[in-house]
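Please look at the chain below and follow the explanation with the structure open.

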Amino acid sequence: MKIIKIISKQTYTGKDGKEYHYNNYAVVLPNGKKIQIRPTFVKDYAILDAVAELIDNRNK
C-alpha cells in the first residue's frame, strides 16, 4: 500500500480571491484500487504531505 496526493486540474476561488487547485489524498491498495482519505486534524495535513507520493494533474 502507498499514500498518494492528487492535485486536480479543477480549481476553486478562495476567500482571498485567488484560484487554488483541489488536493485529494488516497491510499492505493495492491490491486490498484484507490480509497480517498481525509485527516481528522488540520496538523495531520503536514504529515500526509511528507509521506505521500505526488501525482500532479495540473499540466495534463
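Does S8 count as buried or exposed? This is a predicted model, and in it S8 has 17% relative accessibility. Because the cut-off for buried is under 20% relative accessible area, S8 counts as buried. The residue sits in strand β1. Apart from neighbours within four places in sequence, S8 is in contact with H21, Y22 and R58.

The sheet gives these contacts a setting. Four strands, in the order β3-β2-β1-β4, form an open sheet with mixed pairing. At the edges stand β3 (34–37) and β4, each with a single partner strand, so one side of each has no neighbour in the sheet. From one strand to the next, the twist averages 40 degrees. In general, the strands of a sheet pair through backbone hydrogen bonds, and the pairing can be parallel or antiparallel. Strand β2 (residues 19–28) and β3 run antiparallel and are joined by 4 bridges. V27 stands opposite I35 in β3.

At the β4 edge, I55 is a useful residue to follow. I55 lies in strand β4 and is partly exposed, with a relative accessible area of 25%. Leaving out neighbours within four places in sequence, I55 is in contact with I4, K5, I6 and I7. The C-alpha atoms of I55 and I6 are separated by 4.8 Å, although these two residues are 49 residues apart along the chain.

Charged side chains come next. In general, side chains of opposite charge can pair when their charged atoms come close. With a limit of 4 Å between a side-chain nitrogen of Lys or Arg and a carboxyl oxygen of Asp or Glu, the count is 3 salt bridges.

One of them joins E53 to K2, with the closest N and O atoms 3.4 Å apart. This pair links distant parts of the chain: E53 belongs to strand β4 (residues 53–56) and K2 to strand β1, 51 residues apart. E53 counts as partly exposed at 40% relative accessibility, and K2 is partly exposed with a relative accessible area of 40%.

Another salt bridge is formed by the side chains of D49 and K5, at 3.1 Å from N to O. D49 lies in helix α1 (residues 44–51) and K5 in strand β1, so the pair ties together parts that are 44 residues apart in sequence. D49 is partly exposed, with a relative accessible area of 38%, whereas K5 is buried, with a relative accessible area of 16%. K5 is also among the residues in contact with I55.

There is also a salt bridge between the side chains of D56 and R58, at 2.8 Å from N to O. D56 counts as partly exposed at 28% relative accessibility, and R58 counts as partly exposed at 37%. R58 has appeared before, as one of the residues in contact with S8.

The surface also has a nonpolar part. Which residues make the nonpolar surface patch of about 280 Å²? The patch is made by Y12, Y20 and Y22. Y12 lies in strand β1 (residues 2–13) and is partly exposed, with a relative accessible area of 36%. Because patches are made of residues with over 30% relative accessible area and no salt bridge, the 36% of Y12 fits the area condition. Y22 returns to the starting point, since this residue is also in contact with the buried S8.

Note on methods:
Residues numbered from 1 in each chain as written. Predicted model: local features only at pLDDT ≥ 70, side-chain atom pairs only at ≥ 80, totals over all residues. Heavy atoms only, no water. Patch = residues over 30% accessible without salt bridge, like charges linked within 9 Å, V, L, I, M, F, W, Y side chains within 5 Å. Areas by Shrake-Rupley, 256 points an atom, 1.4 Å probe, with all protein chains shown as cover. Helix = DSSP H or I, 4+ residues; strand = E, 2+ residues; numbered from the N terminus. Buried < 20%, exposed > 50% of the residue type's maximum accessible area, 1.4 Å probe, protein only. Contact = heavy atoms within 4.5 Å. Pairing = 2+ DSSP bridges. Axes fitted to C-alpha atoms, helices over the stretch in contact; angles between N-to-C directions.
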